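This briefing sets out the computed features of one protein chain for a reader who has the sequence and coordinates at hand. The points are grouped by topic.

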Amino acid sequence: MSETIGFIGLGNMGLGVASSLLRAGHKLRVYNRTASKAASIVAQGATLVPRPSQVAEPGGIVITMLSDDTALEEIAHRDPSFLKMLSPGGIHISMSTVSPAISRRSATHHAAQNVGYVAAPVFGRPESAAAAKLWTCVSGEAAAKKRVHPILSAVSQTVFDFGEDPGAANVVKLCGNFLLIAALEAMAEAAVLAEKNGVNRKDLLSMLTHTLFACPVYQGYGQRLTDQKYETAGFRLSLALKDINLALDTAESSAVPMPLASLLHDRWLSAVANGRENMDATAAALNVAEAAGIKVKAATP
């Protein structure tokens with residue numbers, strides 16, 4: 001059944017999700033801090049509103065896809081009109097990659113205003129969002145998840161349920177991104193080792209990603225490492241660093257040593273320090289090359 005959905009956050013991923021929802025027959029009221037970025041989705045039939053709370057209606061559903069904890073707090077915690085407009089009986093779906101802690105605080109804060117909260121972070125790049133081929137992880141109160149399941153299914157190839165703890169889906173997302181970033185580091189080191197010993201990185205990565213590592217992460221990011229086109233960011237390097245920091249914060253709060261995550265933090269922080277924060281996450285491979293004495297081109301301003 002189609003319904004009108006509020007949508008906040010039209011970055012690369014948000015635009016793809018919003019477009020998939022429109023194709024599924026839903027109507028959208030959308031807000032983005034930079035209004036001009038909403039032009040393409042408005043052209044597809046969405047309605048642009050000037051304030052975040054205006055995407056909501058009593059008992060309705062709002063999706064946020066925001067960059068970090070601070071952005072989520074600004075809308076869902078510091079703006080009292082947001083929950084007031086959703087109450088009573090509305091549901092906020094947070095598809096953002098944020099900390100488990102803020103999801104738990106948000107669920108409590110929302111419940112006090114008779115609004116449900118469902119954490120629903122996703123795995124997939126922008127092209128997956130646009131093709132409704134995301135893998136979505138959900139957690140939160142059972143009735144709220146049941147109500148929003150058809151909406152999440154409209155943008156996902158699979159929806160995975162991780163129970164009623166609102167922070168659980170965010171833990172899963174951080175675990176997945178930690179593994180993804182670790183795979184990027186390993187592939188980059190292997191590619192540089194091959195090159196310094198006279199083996200073409202394309203030949204190496206093609207063989208490995210069609211044999212031992214024939215899976216989406218290695219194949220997709222292996223191709224990007226082969227092409228070395230780092231300027232077009234599907235997963236911005238600064239956001240990868242943010243996710244490593246969230247994983248380390250969560251690990252510290254639960255007394256879990258993650259020495260590999262600490263190494264990755266330093267590698268990605270170095271990439272940011274070298275002006276690569278707005279490049280694709282695979283641009284961290286440039287730091288690997290530099291450490292091996294290979295000259296690389298300067299970052300794009």
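Of the 301 residues in the protein chain, 50% are buried. The model is a predicted one. Its chain contains 13 helices and 9 strands, and 67% of the contacts with a separation of 6 or more join residues 24 or more positions apart.

**Overall dimensions**

- The radius of gyration of the protein chain is 20 Å, which agrees with the value near 19 Å for a compact globule of 301 residues.
- Along the principal axes, the C-alpha atoms of the protein chain occupy a box of roughly 65 × 45 × 35 Å.

**Internal cavity**

- One finds 1 cavity of 30 Å³ or more in the structure.
- The largest cavity encloses about 50 Å³ of space.
- Its lining is formed by L184, E185, A188, L225, W268, A281, T282, A284, A285 and V288.
- Two elements, α8 (168–196) and α13 (285–291), each give two or more residues to the lining of the largest cavity.
- Helix α8 gives the most to this lining, with 3 residues.
- The lining of the largest cavity comprises 8 nonpolar residues, 1 polar residue and 1 charged residue.

**Helix α13: A285 and N287**

- A285 belongs to helix α13 and is among the residues that line the largest cavity.
- A285 counts as buried because its relative accessibility is 9%, under the 20% limit.
- Setting aside neighbours within four places in sequence, A285 is in contact with A188, L225 and Y230; A188 and L225 are also among the lining residues of the largest cavity.
- The C-alpha atoms of A285 and A271 are 8.8 Å apart, with their positions 14 residues apart along the chain.
- N287 is also found in helix α13.
- With a relative accessibility of 5%, N287 counts as buried.
- Apart from residues up to four places away in sequence, N287 touches R267, S270, A271, N274 and R276.

**Cysteines**

- A disulfide is a covalent bond between the sulfur atoms of two cysteines.
- The count of disulfides in this model is 0.
- C175 takes part in no disulfide, and the nearest cysteine sulfur, that of C137, is 10 Å away.
- C175 is partly exposed, its relative accessible area being 44%.
- For C215, the closest cysteine sulfur is that of C137, at 16 Å, which is too far for a bond; the distance limit for a disulfide is 2.5 Å.
- C215 is likewise partly exposed, with a relative accessible area of 29%.

**The loop residue D68**

- D68 is placed in the loop between β4 (61–64) and α3 (69–76).
- D68 has a relative accessible area of 27% and is therefore partly exposed, as this class covers values from 20% to 50%.
- Not counting residues up to four places away in sequence, D68 touches V98 and K242.
- The C-alpha atoms of D68 and L239 are separated by 8.5 Å, although these residues are 171 residues apart along the chain.

**Backbone geometry**

- Most residues other than glycine have a negative phi, and most peptide bonds are trans.
- Which form does the peptide bond from S87 to P88 take, cis or trans? This bond is cis, with omega near -5°.
- P88 lies in the loop that runs between α4 (80–86) and β5 (91–94).
- A132, a residue other than glycine, has a positive phi near 55°.
- The position of A132 is in the loop between α6 (126–130) and β8 (134–140).
- A132 counts as buried, at 17% relative accessibility.
- A255, which is not a glycine, has a positive phi of about 55°.
- A255 is located in the loop between α11 (237–253) and α12 (259–273).
- A255 counts as exposed because its relative accessibility is 67%, over the 50% limit.
- A132 and A255 are thus two loop residues with positive phi, of which A132 is buried and A255 is exposed.

Notes
Residues are numbered from 1 along each chain as its sequence is written. This is a predicted model: local features need pLDDT of at least 70, side-chain atom pairs count only at pLDDT 80 or more; totals for chains, interfaces and linings use all residues. Side-chain values use heavy atoms; hydrogens and water are left out. On a 1 Å grid over the protein atoms alone, a cavity is a set of points where a 1.4 Å probe fits but cannot get out, and a pocket is an open set with protein on both sides within 12 Å along at least five of seven lines; lining residues have an atom within 4 Å of a point. Grid points are joined across faces, edges and corners, and a volume is the space filled by probe spheres set on the points. Helices (H or I, at least four residues) and strands (E, at least two) are DSSP runs, numbered from the N terminus. Ala, Val, Leu, Ile, Met, Phe, Trp, Tyr, Cys and Pro count as nonpolar, Asp, Glu, Lys and Arg as charged, and the others, Gly among them, as polar. Buried means under 20% relative accessible area, exposed over 50%, partly exposed in between (1.4 Å probe, protein chains only). Contact means heavy atoms within 4.5 Å. The radius of gyration is taken over C-alpha atoms; the globule rule is 2.2 Å times the number of residues to the power 0.38.
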